[in-house]
Amino acid sequence: MMNSFNMKTLTYRGLEFLIIFILLPVSFTINYSIWVKLLLGVFGFVYIIFVLLKVHNIKFKVAPHLNWKAFWKHTLFKGIVIATITIIFVWITDKSLLFHVVWNKPMLWVIIVVLYSVFSVYPQELIYRTFFFERYRSVFKSDDLFIFINALVFALAHVLFKNVLVLILTFFGGLLFAITYRKTQSTLLVSIEHAIYGSCLFTVGMGEMLGFPV
């Protein structure tokens with residue numbers, strides 16, 4: 001009975017994984033009604049929140065044991081490295097874009113960073129870290145393979161931009177975020193990290209390829 005239940009659970013979660021993390025993102029690259037895409041996206045997100053709240057009993061609150069000092073130390077160090085590399089990249093490829101939005105549209109920059117952090121980053125981390133870890137961590141025997149798969153599907157979520165560089169950036173970003181979530185088990189902390197790195201790309205001039213208004 002237990003084996004039958006486990007097999008049914010594994011089959012269901014495998015189908016769930018296929019639909020949410022493979023078929024749905026790929027389908028967004030196909031030319032069909034934007035309203036249908038929005039409906040599918042909203043339905044998928046509602047399903048994920050329902051599963052987190054009702055099936056896994058996730059409580060969205062800040063845990064008191066979080067090591068904020070260590071988090072900020074590691075995040076800011078990685079942020080400086082990322083900023084340095086991306087500034088050099090933009091300078092070499094098209095220096096007219098370097099800090100273009102910050103200098104020319106500072107108010108737009110502030111608005112986009114805030115909206116991006118709240119309405120894009122946090123939902124992404126609920127889906128690709130909180131939900132993904134809760135639903136599929138027990139399926140994988142290898143922790144490294146699990147982190148790799150998480151980064152891979154996170155990159156696939158950005159396939160609609162049809163840009164190889166975006167896929168590479170989001171894959172490595174996915175690795176960083178998955179490692180942070182594994183260490184902290186905190187949606188809040190990984191969302192802050194994600195928001196910092198994503199805002200950094202927008203700030204230095206790489207926002208257009210990631211869909212930021214410029």
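A polar contact here means a pair of N or O atoms within 3.5 Å. Keep that in mind as you click around this predicted model, since the tour begins with one such pair.

**Stop 1: the start of α6**

Select Ser142 and Asp144. Ser142 caps the N-terminal end of α6, with a side-chain oxygen 3.5 Å from the backbone nitrogen of Asp144. Now colour the whole of α6, which has 14 residues. From first C-alpha to last, α6 reaches 20 Å, close to the 20 Å expected at 1.5 Å a residue. Which residues of α6 are buried? Try showing Phe146, Ile147, Ile149 and Asn150, then Ala151, Val153, Phe154 and Ala155: these are buried.

**Stop 2: the loop between α6 and α7**

Move along to His158, in the loop between α6 and α7. Is His158 buried or exposed? His158 has a relative accessible area of 11%, so it counts as buried, the cut-off being under 20%. Show what is around it: setting aside neighbours within four places in sequence, His158 is in contact with Gln124, Val166, Leu167 and Thr170.

Stay in this loop and pick Lys162, which also sits between α6 and α7. Lys162 is exposed, at 64% relative accessibility. Check its backbone too: phi is near 50°, a positive value in a residue other than glycine.

**Stop 3: helix α7**

Next, select Asn163 and Leu165. Asn163 caps the N-terminal end of α7, and a side-chain oxygen lies 2.8 Å from the backbone nitrogen of Leu165. Then select residues 164-184 to see α7 itself, a helix of 21 residues. Put a distance line between its first and last C-alpha and you should get 30 Å, close to the 30 Å expected at 1.5 Å a residue.

Among the buried residues of α7 are Val166, Thr170, Phe171, Phe177 and Tyr181. What do the buried residues of α7 pack against? Turn on α3 (68-94), α5 (106-136), α6 (143-156) and α8 (187-206), and you have the partners. Just after α7, click Gln185, which takes a positive phi of about 55°.

**Stop 4: the largest pocket**

Time to look at some empty space. The largest pocket has a volume of about 1500 Å³. Of the 48 residues lining this pocket, select the ones closest to its centre: Ser120, Gln124, Ala157, His158 and Phe161. You've met His158 already, in the loop between α6 and α7.

Where does the lining come from? Helices α1 (2-27), α2 (34-55), α3, α5, α7 and α8 each supply at least two residues. The one that gives the most is α5, with 9 residues. If you colour the lining by kind, it divides into 36 nonpolar, 11 polar and 1 charged.

**Stop 5: α3 and the loop after it**

Finish with α3. Select Phe77, which lies in this helix. Is Phe77 buried or exposed? Its relative accessible area is 57%, so Phe77 is exposed; over 50% is the cut-off for that word. Now add Ile92 and draw a C-alpha to C-alpha line from Phe77: the two are 15 residues apart in sequence and 23 Å apart in space.

Last click: Phe99, in the loop between α3 and α4 (100-104). Phe99 isn't a glycine, but has a positive phi of about 55°. As for its surroundings, Phe99 is partly exposed, with a relative accessible area of 24%.

Conventions. Residues are numbered from 1 along each chain as its sequence is written. This is a predicted model: local features need pLDDT of at least 70, side-chain atom pairs count only at pLDDT 80 or more; totals for chains, interfaces and linings use all residues. Side-chain values use heavy atoms; hydrogens and water are left out. Helices (H or I, at least four residues) and strands (E, at least two) are DSSP runs, numbered from the N terminus. The expected span of a helix is 1.5 Å times one less than its number of residues. Buried means under 20% relative accessible area, exposed over 50%, partly exposed in between (1.4 Å probe, protein chains only). Contact means heavy atoms within 4.5 Å. A polar contact is a pair of N or O atoms within 3.5 Å; within protein, one must be able to donate a hydrogen and the other to accept it, and residues adjacent in sequence count only if both atoms are side-chain atoms. On a 1 Å grid over the protein atoms alone, a cavity is a set of points where a 1.4 Å probe fits but cannot get out, and a pocket is an open set with protein on both sides within 12 Å along at least five of seven lines; lining residues have an atom within 4 Å of a point. Grid points are joined across faces, edges and corners, and a volume is the space filled by probe spheres set on the points. Ala, Val, Leu, Ile, Met, Phe, Trp, Tyr, Cys and Pro count as nonpolar, Asp, Glu, Lys and Arg as charged, and the others, Gly among them, as polar.
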